[in-house]
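Ready to work through a few exercises? Keep the structure open beside you and try each task before reading its solution.

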Amino acid sequence: MSQFDAIVIGGGVNGLIAGTLLGRRGKNVCIIEKSTRFGGMASYSVDGGPTLAHSLYNLSPRALSDIGIDPQHPVLSGKPVSTVSLSEDGRHIVFKNDGVYWSDGTKHPESSAWSDLTQRLITYGSLLRQLAEAPAPGGQKTVLSRGGLNEFLRLAKLGIGLKKLGKSEMRRFLQVVLSNVHDIILDDLPEGPVAGLLAADAIWGSATGPRSPGTVFNLIYRLGHGGIITQPAGGMSALTDLMVEAAQKAGCVLMPKTEASRILLDNDTVSGVETTDGRTITAPIVLSNLAPKITSQMTGPSVFDIETIRRVRNIRACGTAAKVNLRLKDNSPLPGLPEQLANERLIFAPSVEYVEAAFNPAKYRQMSKAPVIEAFKVQTADGASWLSTIVQYAPSDLEGGWTESAKEKLAQTTVETLSRSLPGLGDHISGKQVITQDQIESATGAPGGHWHHAEMALDQLLTLRPANGMARYSMGPKGLFQCGAATHPGGDVMGLAGRNAALAALEAQP
Ligand SMILES: Cc1cc2nc3c(=O)[nH]c(=O)nc-3n(C[C@H](O)[C@H](O)[C@H](O)COP(=O)(O)OP(=O)(O)OC[C@H]3O[C@@H](n4cnc5c(N)ncnc54)[C@H](O)[C@@H]3O)c2cc1C
């Protein structure tokens, strides 16, 4: 039996950050992880192939600094990548920080409209970031309570930020933030690939289409850290290795290949964790990197009231993003794409309507026949070259299940769709990996293999995330906290859920 001040169940990005922050604040922490490697979804890979996550756009510098990682660390200071919207006529469109260009370098006619719109969304994003860097507001009953003054000051700062936008812009922000991205984009841009890219960026990992309410929030959320996209030097595993190193430096005891089976209780207070191999680890604080449903199964239902159990059961998490990794023959170039664009972020989303149509089959538990795709050319440690693709929409509840033939069909659809812009791509592929929701769920425990562990929808955001009454990270028995992507402000390789949860656990200390 081992004894700690705090146990973190799950060593995903959020679990690592939560544990490290507690360690740096003097707590004796152990982080238990069922897999052989830490990093969770972010660095999950099959047979050394590309990792599930492949780009950074939302990683919080604040979360990094709080765990002693310099946001300018060489692993993180990779060159920002441009986005290329793949076109079927070979006139690809390149999105850079300073505007939109045709692939021959000439300015795209929608460049300034796109810049104006994205700049506005980035400004809104910086306001949302202030909300993301703290527990969702509304939990402290009085300004004079512990933490109440801080919350008041944070909200005051947000109010000043809103006021600084000016009257009409502030009104516009409040109007658009909860609406659907279809209308907002097409108010400012003509239908087509420039608009299509913004629609795609509002729906990754989520069971929504551009017409779904709240998708503007998702887009703004993604742009909260300025909208710059990078890839960690050495890949996503290099970043999660850096986080492991930070946890070790903070004195955390890391236990890979250790699966929690039960959260132990002493009356209504947490007392530790039991593992599947029969070990008992004790601590008065347990933070769970897992979704609330799984956490509550580990405590048993008796410590929750019926309403909480009902709310936890009703949290929606139908994952929609699958991974299809295409191994390229002999590092071959991508057909139809100028060499200088091969290492950029490639998107297939020719219009807003295309994205909406891609979502429709998922509503009926079917995979899209014409999916939205994000692709990066990456190299794995063995020197192999891959096209690492995220394919949206491949629903977790696919009718008939994710059988081998369903996976084969998804791979075929991915290649066919990309071949519309990269003709003959199939001839350049020597192997493939298809990683669907069922596999993501069994590897990481994320319900429905969901990107954010719980849908990012209006009824599951901010003070309602993951569910009403659970927005302050504590859950059920005294000493139990949630620190995973299902909590505010959600997932992505961002780290704020873990950071905020650790701060909430510290604040709750007597
Ligand atoms: C296909 C796909 C592509 C993505 N691409 C990107 C991207 O490019 N950029 C980006 O920013 N985000 C991306 N994401 C989202 C991002 O990876 C996640 O939101 C984020 O990593 C979630 O981190 P987490 O720590 O909250 O949870 P997780 O990463 O799910 O961590 C949970 C951890 O708990 C462990 N665990 C589970 N059960 C137990 C148990 N009983 N005992 C002990 N340990 C346990 C798991 O093994 C896992 O390590 C992608 C997601 C998907 C599905």
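**Exercise 1: a strand and its neighbours**

Strand S12 (residues 321–328) runs antiparallel to strand S16 (residues 429–435), and six bridges join the two. Keep in mind that you're looking at a predicted model.

Task: Find out how many bridges join S12 to strand S15, and how many residues of S12 are buried.

Solution:
- Step 1. Start with the S16 side and pick out one pair: Arg327 has Gly431 as its bridge partner in S16.
- Step 2. Now go to S15 (residues 385–392), which is joined to S12 by seven bridges and also runs antiparallel to it. To find your place here, look for Ala322, whose bridge partner in S15 is Val391.
- Step 3. Check the cover. Taking buried as under 20% relative accessible area, you'll find that seven of the eight residues in S12 are buried, so the strand is mostly covered.

**Exercise 2: one face of a helix**

Task: Work out which residues of helix H14 are buried, and what they pack against.

Solution:
- Step 1. Go along H14 (residues 437–444) and pick out the buried ones: Gln437, Gln439, Ile440 and Thr444.
- Step 2. Look down the axis of H14: its buried residues fall within an arc of 160°, so they line one face of the helix.
- Step 3. See what that buried set touches. The buried residues of H14 pack against S12, S16 and helix H13 (404–419). That brings back the strand from the first exercise, S12, as one of the packing partners.
- Step 4. Step just past the end of H14, and you'll meet Gly445 with a positive phi of about 85°.

**Exercise 3: around the ligand**

Task: Find out how many residues surround the ligand, and which helix supplies the largest share of that shell.

Solution:
- Step 1. Count the shell: 35 residues surround the ligand, and the closest are Asn14, Glu33, Ser55, Trp451 and Val493.
- Step 2. Sort by helix. Both H1 (13–24) and H14 give at least two residues to the shell. The largest share, three residues, comes from H14.
- Step 3. Look for polar backbone atoms beside oxygen atoms of the ligand. One belongs to Met41, at 2.8 Å from a ligand oxygen. Ala485 has one at 2.9 Å from a ligand oxygen, and for Val13 the distance is 3.1 Å.
- Step 4. Finish with the ligand's surface: taken alone the ligand exposes 1,000 Å², and the protein buries 99% of that.

Definitions and conventions:
Residues are numbered from 1 along each chain as its sequence is written. This is a predicted model: local features need pLDDT of at least 70, side-chain atom pairs count only at pLDDT 80 or more; totals for chains, interfaces and linings use all residues. Side-chain values use heavy atoms; hydrogens and water are left out. Buried means under 20% relative accessible area, exposed over 50%, partly exposed in between (1.4 Å probe, protein chains only). Helices (H or I, at least four residues) and strands (E, at least two) are DSSP runs, numbered from the N terminus. Two strands pair if DSSP finds at least two bridges between them. The arc is that of the directions from the helix axis to the C-beta atoms. Contact means heavy atoms within 4.5 Å. A residue is near a molecule or strand if one of its heavy atoms lies within 4 Å of it. A polar contact is a pair of N or O atoms within 3.5 Å; within protein, one must be able to donate a hydrogen and the other to accept it, and residues adjacent in sequence count only if both atoms are side-chain atoms. Accessible areas come from the Shrake-Rupley method with a 1.4 Å probe; for residues, only the protein chains shown count as cover.
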